[in-house]
Structure formats: C-alpha cells, structure tokens
Amino acid sequence: MKTYDVVIVGGGIVGSSAAYFLKKHGFTGSIALIERDTTYAQCCTARSCGGIRQQFSTPENIELSKFGLGVLRNLKAEFGPEADVGFREQGYLILASENGRAILEENHAVQIAHGADNVLLDAEGLGKQFPWLVTDGLALGCFGKSGEGWLDPYSLMSLFRKAAATQGVEIIAGEVAQVKTVAGKATSVTLGDGREVGCGTLVNAGGTGAGALARMAGIDLPVGPRKRYVYVLDCPGASEALHRAPLTVDISGIYFRPEGQQFICGLSPDEADEPQDLSWDVDYTWFEEHIWERLAGRVPAFEAIKVVNAWVGHYDYNALDQNAVIGPHPDLSNFLFANGFSGHGLQQGPGAGNAIAELVIHGGYRSIDLARLGFARIADKAPLFERNVI
C-alpha cells in the first residue's frame, strides 16, 4: 500500500483546484488525486453551463465566486500565456415579479456590500436596455455589469489538473469502493480493483458521488445527483442585441443565454418533478411542456426556435439547503468536505480548492471564512439556504 499525505477523491474542478493550490501555497507533502472517469465525459464540471456570477444571497457564495473571477482575471499569469477559457463577460440578468421584489432587493444589497458590480432596473429600465425582452409582469431585474458571464468549464478544469500534475500531484484512475477508519481518522481508501491507498488527510471532492463516499466512512451527507437538461436552440431571426444578451433568468425559473450563434436554455424542476431516471438520456418533452411557451412569451424572437441538440448534466445537490459543504468532519478530523455545490461548483471550485489547501496547511481559513458552510449545520439539520439557485 502506498500512502500519501493528502488523498483527494474527485478530479473535477474542486479536487483539481485543491491539489493545485496545495502546491501553489508550498505544501511539500505527497498528494494523490483519485478520479473514476479520467475522460471526464460524465463529470459535473464538464457538463455544466459554465456560468460565473456574484448574484447570490449567501455572502460566502459571493466571495467564493469573486475568488473564481480573480482566477479568470489573472488566467495567463496563473497558468501561462496560452491559457484561455473563452470567458464571455456578458453578465447575468435575474428577473423578479412584484412578489419577488423584496427578495431581489435584499439579495442586491448583500451583493453590493460584498463588492459585486450589479444594478437594479425597473420594468422601464429593463425594456430600454434589453429591447428583446417583454417586461409584462416584471417589477425588477438585477443585472451584473461586470464580473459575470460564462466560460468553457472543461478548459478551466484542465488548466488546474495539468498544473497540479506538473507540480508532482499523482493522478490515479480508479473508483473508491471502501474507506477505512481507525481511532477517529480516515486511514486509507480501497479502489474497485483492490488497490489500497493510504492517506494522512482525505478530501471528499466526489461531486455527485460525495454522499456515497461519506457513507463509506460512516457519515450521513445529504449530497447526491440531480438530473438537469440543457437544450441547444437555433433561432435564425435573433437580433445582434439578443446575441449580446446576459444569461437571463425569468421569474418562471427558466434561464437562457447565447452560445456562439445559438442559445442554450434550461429549467430546474420543482421537487415533486425531479427526474427519477438518472441516466444520460434527454427528455425533449420537458422542453415542449415546461419551457417553450413561457420562454417565447418573455422573448418573442424565440417563438421561431428549433431545438437542435441537448445534453444532460448532474448537479451535486445538497438536499438540506443547496449550499456547499466545506471543511473538516467534527469527529473524523482528517476527513475534509468540498462538495454539495448544487450547480455552482465550476465558479466556486477554485475558491473551495484554495480553502481546502488553507485548512491542510494552516489548520484554518486565511482568504474566506467558510465556517458557516461546515458540516456542523448538516449534523444539526440547521440549513443555511441559498435563495438564488438556478
């Protein structure tokens, strides 16, 4: 059995960032990054829509996304002159009816207090700035003027993973089948092929598999996969202004954004409508029955759209409060969580990875205080709700 000072389970954006920042901050111990699918064809990161925003209701989420933005702003300095993730800084636009006005205003105040660059627009202001938008039923919209948009998620993940490997992090292909604990510490993991890997610290960055990994260590973590459909739309009559649109979230919960010469859109279901089939098959009737009519009602140009492609992605969903779980387990002290991002993992992954590195090296947070996102609230069933889950 080979033993590493740190074993990170999950090689997506969170795990790769943790490995990278450990090395960047001077950690000299050995690090293994275990990934069950080294093609990354079905990982949360690669199948995400690649968004980044500061429009959250939880201060920690705002700060984590600001950290991710800082990485994007300094991408070439961080990873070299060829580094590029295709960042499109076109903003987010989150819409509210009169019933949602107070919440949007409260969220906006929190965001401004934490350095976000966004503005509230009333219905008249929305119509003037976004002429493609029908403002019926709208009271307010919050528009991110800078620091928000979307990027290629696979490219960002790859930059972190390759940089970590270059600095000596060992990437191990395999799926964890067992976690061994002795005297209040995780001591090793056993892979599906029988290999045993010893650990000084074990980091759970397992994405949709984080709950299953935690259970192997005797921990009840309410994190698992939730299936989401993303539809690719062709709209030949779309104006140039519509192609410059921000990622727009309607009061119905439907979102859309430009994607090259096309558009993508989706809608997270209500709890009662969550797909029970967690395969990678797309349900095209979901678009016809739940999205198209309301989307066209908000953006008339979309009356003539055609669905030309679609894909399935999985959220690593925290069923308690849709917020990440970050930090050590109170009893299994060398077992660290970095999971449950509920669709926000790409933008918050760099900040979360940096936080894990700080915990390992310093025993505490140095950049962002994430104590409220710790496991204690899971154990106490005391949710810290995020209002802006898309």
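Mentor: Helices here are DSSP runs of H or I with at least four residues, and strands are runs of E with at least two, numbered from the N terminus. Thr166 has its place in one such run, helix α6 (residues 153–166). The model is predicted: local features need pLDDT of at least 70 and side-chain atom pairs pLDDT 80 or more, while totals for chains, interfaces and linings use all residues. Residues are numbered from 1 along each chain as its sequence is written, and side-chain values use heavy atoms, without hydrogens and water.

Trainee: Why is Thr166 called exposed?

Mentor: Relative accessible area, taken with a 1.4 Å probe on protein chains only, makes a residue buried under 20%, exposed over 50% and partly exposed in between. Thr166 has 70%, so it counts as exposed. Thr166 also lies 23 Å from His362, C-alpha to C-alpha, with their positions 196 residues apart in sequence.

Trainee: What makes strand β2 largely enclosed by the rest of the structure?

Mentor: Five of the five residues of β2 (residues 31–35) are buried, so the strand is largely enclosed. Ile31, Leu33 and Glu35 point one way, Ala32 and Ile34 the other, and all are buried. In a regular strand, side chains alternate between the two faces of the sheet.

Trainee: How do you know that β2 pairs with β1 and that bridges join β2 to β8?

Mentor: Pairing requires at least two DSSP bridges between two strands. β1 (residues 2–9) and β2 have four, in the parallel sense, so the requirement is met. Val7 has Ala32 as its bridge partner in β2. Four bridges also join β2 to β8 (residues 170–173), again parallel, and there the bridge partner of Leu33 is Ile171.

Trainee: Why is the unit of β1, helix α1 and β2 called right-handed?

Mentor: The term applies if, with the strands pointing away from the viewer, the path from the first strand over the helix to the second runs clockwise. β1, α1 (residues 13–24) and β2 make a β-α-β unit of that hand.

Trainee: What makes the contact of Lys2 and Glu170 a salt bridge?

Mentor: A salt bridge needs a side-chain nitrogen of Lys or Arg within 4 Å of a carboxyl oxygen of Asp or Glu. The N to O distance for Lys2 and Glu170 is 3.2 Å, so the pair qualifies. The pair links distant parts of the chain, Lys2 in β1 and Glu170 in β8, 168 residues apart. Glu170 is partly exposed at 32%. The structure holds 19 salt bridges.

Trainee: How do you know that Arg228 and Glu274 form a salt bridge, and what do they tie together?

Mentor: Their side chains meet at 2.9 Å, N to O. Arg228 lies in strand β12 (residues 223–234) and Glu274 in the loop between β15 (262–266) and α9 (284–298), so the bridge ties together parts 46 residues apart in sequence. Arg228 has 8% relative accessibility, so it counts as buried; Glu274 also has 8% and is buried. Both belong to a salt-bridge network with Arg226 and Glu271.

Trainee: Why are Gln322 and Ser342 called buried?

Mentor: Gln322 has a relative accessible area of 14% and Ser342 one of 0%, so each falls under the limit for buried. Gln322 sits in the loop between β16 (306–318) and β17 (325–328), with phi near 60°, a positive value in a residue other than glycine. Ser342, in the loop between β18 (335–339) and α10 (345–362), has a positive phi near 55°.
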